[in-house]
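Colleague: Could you take a close look at one residue in this model for me, and then walk me through some of the local features elsewhere in the chain? The structure is just below.

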Amino acid sequence: MNNADCCASSPPPPSSDESAEIVDPGERTILRIDKMDCPTEEALIRGKLAGMPGIHSLQFNLVQRTLVLNHTPESLAPAMVAIGDIGMEATLASQEGAPKDAKAPAVKSRTWLLVAAVVAAVAAEAIHWFDNGNHGPEIVLSVIAIFSGGWPTYKKGWIALKNFNLNINALMSIAVTGAALIGEWPEAAMVIVLFALAELIESKSLDRARNAIDELMSLAPDTATVRQTNGSWMDVEAKTVPVGARVRVKPGERIALDGEVVVGRSSVDQSPITGESLPVEKDQGDPVFAGTINESGSFEFRVTASSANSTLARITRVVEEAQGAKAPTQRFVDRFSRIYTPAVFVLALAVALVPPLLFGAVWLAWIYKALVLLVIACPCALVISTPVTLVSGLAAAARHGILIKGGVYLEEGRRLTVIALDKTGTLTHGKPAQTDFEGLTGEDESKLRIIAASLASRSDHPVSKAISRAAQRGDLAAREVSDFTALNGRGVRGRVDGQLYQLGNHRLVEEMGLCSPALEAKLEALEVQGKTVVLLMNETQPIAVFAVADTVKDSSRAAIAELHALSIKTIMLTGDNSHTAAAIARQVGIDEARGNLLPEDKLKVIESLAASNDRIGMVGDGINDAPALARADIGFAMGAAGTDTALETADVAIMDDDLSKIVDFIALSRATSFALWQNIAIALAIKAVFLVLTLTGQATLWMAVFADMGASLIVVANGLRLVRYFNVRDCHASSVSLATRHSARSTVS
């Protein structure tokens, strides 16, 4: 195992965010370093590479064991040699498969050495048990066990000591050597063997956390059935398929690439990407995503993104990058370990020297106690548990359709006290339909609808699209628009047939000074029904009124109720008028609604909430609400699947349009934080108990190894529980639901 090398007396290295200042990026190379698991190795590598010419920046991902180098072309080879000089081997990530195969004999050889060490240590202990004394056979067997099972530990310990780092390998090497020097040969042998076995078990456990991320990319198949230029179909590697190619998908197949359906229809299981529990119907023009599963029909789609740029690939990259940013608990642990390890090391020296020198105590007894203290001096369990727990949470969220941009957001989500929500597309379906139309000047109604549709067709706002669709259904063709201008948060302006028109909301007509008492009453009558009113105006007066209504998502009501159950206040921020905002708020149970808000107004609301010490989450579409999303403590982008902008701007991207995922995120955040502090409590409690046992003479080296490595295994296992958080929770919810229904049937009977 390498993961236990995680205590250092030197200051912890800066996080990836702190080390990513790139003056001249040059080339970017990703190196895999199999022996790098924690801050000790990172500090060694950073110290070796930081001053080398041509190395611009270093970005570490300890869980994935990768280092991103930004460097000049000629500096890569010397950097890899320098990493080898400190006992670690760096390989290019793109060539990862070759070294693994090449090292298989070495792995097998180390396994047999460990088996031999176990046999020798048990034999030495047996001889000592039956014939107490340091006889030749038991010493020989102990030496065999120490060097066959502990040679890697000694090698890494020596490297650490040369670089003034007190990691677990250095401390274990000192403790085992000291035990041998004071004549405790069998115990020294058994301690190093137990340590090696515990390392192996813990390494396997940590691989589960790493695999949780790797499994995301494995969702997409390696090949796709692509149409050739001669019209035939051929299976080719997905990574070679160009954008624009046509791919055929059969029932039951996984989709290899992102695309848009061009022929056929089917239902697709999108749960690997969006977390949706039910299949989604796909027809011509609908998007499909790599890694999803075609269920019933067969269809063809046009590739819209290469394999490296698919939604699945972007999700994987985001999750991997998120591991680099240290969350608050992880920063606390780094600071704690910087103090804890040297403090215990000094205490061990004091235990070894003070009683014999000042009080005439027996040297060997107190040296033995000092050696026990050295074994438990490393906060391995603390240091390794935090990244494992956070990565497990990030992976669980990604599988559930929640893409979290960093461990800091995963941990801080539990602190949210207010959730601010945009209306259109968040609480509502975002596909409003035109419900009312009225001409105000006696002009031909078809002409008025054509003018409005012409302006509306130039906007991508859902309300504009509703007006445009209504005109198309009436076979009214849009006309050319010149001098088109978008009026931010108000509407649009342009010339149709040479005349200037405005198509906008209630706020725009008031700003233009064209709102009469009669018109105000007409608009209010529509708005109290929860409808959004749009007016068509020429340069002198309003000439037509359109009303558009959106429907509330079924999930919105339940999600708002669950947020309230979590003691979180809800507030709706919308550009719609106050009457519409209030009507929608009543339907879904929102605590407070504010209408007639421009993007900058939403930002001011978020700032005012922040000034009152609230912790705010802002939920929007990731584009129009960008200022408010950026200012909020955590910004949530809804419906982010396939949307580059949403994936880039939000702190948390909800891959589908299900508002209940916000509740799931907060619940996961609370579970993650609880697991983190559980691990801290477990690790510190075990250390405290063995500190007392050591000073009172009741602890042995065996017990110390079990305590140190046992604590690491416990906290790693506790953190890994989060990988299956949503599976376990959903199973529990299903069981409760079934029990409730059974109870109800019994009562009726």
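The residue I have in mind is E300: is E300 buried or exposed? And what does the side chain of E300 make a polar contact with?

Modeller: Happy to, with the reminder that this is a predicted model. E300 has a relative accessibility of 16%, and because the limit for buried is under 20%, E300 counts as buried. E300 belongs to strand 13, which covers residues 299-303. Its side chain makes a polar contact with the side chain of R246, at 3.3 Å. R246 also appears among the residues that E300 touches, once those up to four places away in sequence are set aside. The others in that set are W233, V247, R248, E260, V261, V262 and V263.

For another buried position, try I182. I182 sits in the loop between helix 6 (168-181) and helix 7 (185-217). At 19%, the relative accessible area of I182 falls under the 20% limit, so I182 is buried too. The contacts of I182 reach far along the chain: leaving out residues up to four places away in sequence, I182 touches L364, I367, Y368 and L371. A365 belongs in this picture as well, since I182 and A365 are 183 residues apart in sequence, yet their C-alpha atoms are 9.3 Å apart in space.

Two loop residues are worth a look for their backbone. Most residues other than glycine have a negative phi. D475 has a positive phi, near 55 degrees, and lies in the loop between helix 15 (462-473) and strand 17 (481-487). With 72% relative accessibility, D475 counts as exposed. N613 also has a positive phi, near 70 degrees. You will find N613 in the loop between helix 20 (599-611) and strand 24 (616-620), and N613 is exposed, with a relative accessible area of 69%.

Now for the aromatic rings. The count comes to five aromatic pairs. One of them is F147 with Y154: the ring centres are 6.1 Å apart and the planes meet at 15 degrees, so this pair is stacked. F147 is partly exposed, at 46% relative accessibility. Y725 and F726 form an edge-to-face pair, with 5.1 Å from centre to centre and 80 degrees between the planes. Both Y725 and F726 are buried.

Charged side chains meet rings as well. The charged end of K369 sits over the ring of W366, 3.7 Å from the ring centre. R458 lies over the face of F484, at 4.7 Å from the centre of that ring.

Let me finish with a sheet. Three strands make up an open sheet in the order 10-9-12, with antiparallel pairing. Strand 10 (280-282) and strand 12 (293-294) stand at its edges; each has a single partner strand, so one side of each is left without a neighbour in the sheet. Strand 9, residues 266-269, pairs with strand 12 in the antiparallel sense over two bridges. If you want a place to start viewing that pairing, V268 has N294 of strand 12 as its bridge partner.

Definitions and conventions
Residues numbered from 1 in each chain as written. Heavy atoms only, no water. Helix = DSSP H or I, 4+ residues; strand = E, 2+ residues; numbered from the N terminus. Buried < 20%, exposed > 50% of the residue type's maximum accessible area, 1.4 Å probe, protein only. Contact = heavy atoms within 4.5 Å. Polar contact = N/O pair within 3.5 Å; in protein donor to acceptor, adjacent residues only side chain to side chain. Phe/Tyr/Trp six-rings, centres within 6.5 Å; stacked < 30°, edge-to-face > 60°. Lys NZ or Arg CZ within 6 Å of the ring centre and 35° of its normal. Pairing = 2+ DSSP bridges.
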